Amino acid sequence: MALPWELEEDILSRLPPISLVRFRTVSKHWNSLFNDKTFINNHLSRSRPEFIILTNSKIYSVDIIDHNNIDPTIRLHEIPTYDIHSRGTDLNRTIINTCDEFLFYNYRYWDNKTALWNPWLRQVRWIEYANQEFCVFGLGYDNSRPEKVYKILGHLFCHGKVLRDQKVVIYECASDSLRFIDRPEDDDWPITETAKRSNVSLNGNLYWFGCSNYENDEYYIRIFDFSTEDFKPYCLLPCQMSHSTDELVLAVYKGDRFSLLKQCSVTREIGIWVTKERISNNNGNGGEGVEWIKLMTLSTTNLPKLFGMVSYFIYGKTLYMCNGDDETALACIYIVREDVCKKFQIGSGNINCRHCVYTPNLLSLPLFIG
């Protein structure tokens with residue numbers, strides 16, 4: 001006897017994305033269901049946070065089971081990359097980023113390839129321009145419309161020209177079109193590699209660290225609003241770097257707020273600040289009046305020295321971080337709660353952490369636009 005369709009759909013919405021990919025071939029009904037927006041939203045609402053790790057040759061998802069346990073179960077899944085490897089993509093020259101979809105972008109001189117990729121639906125959009133390199137900064141969407149209209153912010157790099165001559169561009173996913181916009185007058189462009197690693201997408205907009213004084217390392221948060229297509233300062237940070245080698249990492253907290261991680265390079269102490277109220281698109285004053293509160297200070301003696309690409313999320317009073325080991329660079333998950341720091345090496349010891357991102361919604365079956 002077959003299960004009622006409502007119960008069948010509820011069971012499927014609780015399965016991990018990799019299982020759903022395999023189940024697409026079971027029936028046309030299931031395949032159609034996995035593209036349904038209501039099902040996608042239900043699946044997202046039940047998803048657990050996870051990390052995506054990029055190595056020299058593979059991409060992995062890392063799922064942490066039972067966040068209340070200081071010794072949780074950690075599951076590692078390899079994400080098949082044959083959809084993009086068929087075009088000869090080189091993971092050694094690749095950076096990944098997320099915004100509902102899975103953005104995969106690649107920097108290769110004279111063989112310029114950028115792909116918007118949804119690994120769960122196995123959909124790829126290649127963006128290529130003859131003799132020009134489309135350098136991606138981030139992905140967002142126009143939040144003034146009822147339907148999400150995805151856009152990519154970047155610049156076209158023409159070989160032989162100096163960087164200051166590069167033009168700022170917007171790529172619209174729905175129309176597969178590229179157009180130029182005015183470059184920001186009060187900030188350097190192109191965006192620095194540090195900003196590329198630390199930008200976050202929230203409510204469709206991109207946020208990253210700007211610097212008003214490079215000599216004194218005075219940082220603040222900048223915004224690119226995809227609705228108005230404007231670059232603007234957004235808000236001040238609750239702290240500044242005490243040493244030039246300190247780490248500052250911006251992240252999304254509880255889906256609608258910012259969190260800021262600062263690690264002192266001398267003591268390795270970690271401080272976490274979060275915004276008191278949610279970040280809203282409807283605030284006519286932008287980021288004016290944003291209030292930060294200090295959530296936790298972690299100073300246990302075996303904290304790692306964070307470096308390069310750092311991803312993290314906060315669950316209750318526990319900090320979860322993904323970074324390379326500070327001696328071997330092998331991928332590790334660090335779980336810190338009060339005066340306890342536990343390190344879990346990922347895989348069998350041969351996974352080098354080149355790049356990692358935290359995905360609050362598990363990248364579960366997002367819509368591919370276009």
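Rings of Phe, Tyr and Trp (for Trp, its six-membered ring) pair if their centres lie within 6.5 Å; planes under 30 degrees apart count as stacked, over 60 as edge-to-face and the rest as tilted. This is a predicted model, so local features need pLDDT of at least 70 and side-chain atom pairs count only at pLDDT 80 or more, while totals for chains, interfaces and linings use all residues. Side-chain values use heavy atoms, with hydrogens and water left out, and residues are numbered from 1 along each chain as its sequence is written.

**View A. W208 meets F231 edge-to-face.** Searching the whole structure turns up twelve aromatic pairs. In the one formed by W208 and F231, the rings sit 6.3 Å apart centre to centre, with 80° between the planes. W208 belongs to strand β13 (residues 205-213) and F231 to strand β15 (residues 230-236), so this pair ties together parts 23 residues apart in sequence. Strands here are DSSP runs (E, at least two residues), numbered from the N terminus. W208 and F231 are both buried, where buried means under 20% relative accessible area, exposed over 50%, and partly exposed in between (1.4 Å probe, protein chains only). Zoom out a little for the aromatic cluster that F137, W208, F224, F226 and F231 form.

**View B. Y234 pairs with F258.** The ring centres of Y234 and F258 are 6.3 Å apart and the planes stand at 90°, so this pair is edge-to-face. Distant parts of the chain get linked here: Y234 is in strand β15 and F258 in strand β17 (residues 257-263), 24 residues apart. Y234 and F258 are both buried.

**View C. Four strands, β20-β21-β22-β23, make an open sheet.** Pairing in this sheet is antiparallel; two strands pair if DSSP finds at least two bridges between them. At the edges are β20 (311-315) and β23 (340-345), each pairing on one side only. Neighbouring strands are turned by 20° against each other on average, direction ignored, using axes that are lines fitted to C-alpha atoms. Five bridges join β20 to strand β21 (residues 318-324), and S311 has C322 as its bridge partner in β21.

**View D. Two loop residues, D176 and N203, have positive phi.** D176 is not a glycine, yet its phi is about 50°. Look for D176 in the loop between β10 (167-172) and β11 (177-180); D176 is partly exposed, at 48% relative accessible area. N203, also not a glycine, has a phi of about 55°. The loop holding N203 runs between β12 (200-202) and β13, and N203 is partly exposed at 24%.

Conventions. Axes are lines fitted to C-alpha atoms, for helices over the stretch in contact, and angles run from 0 to 180 degrees between N-to-C directions.
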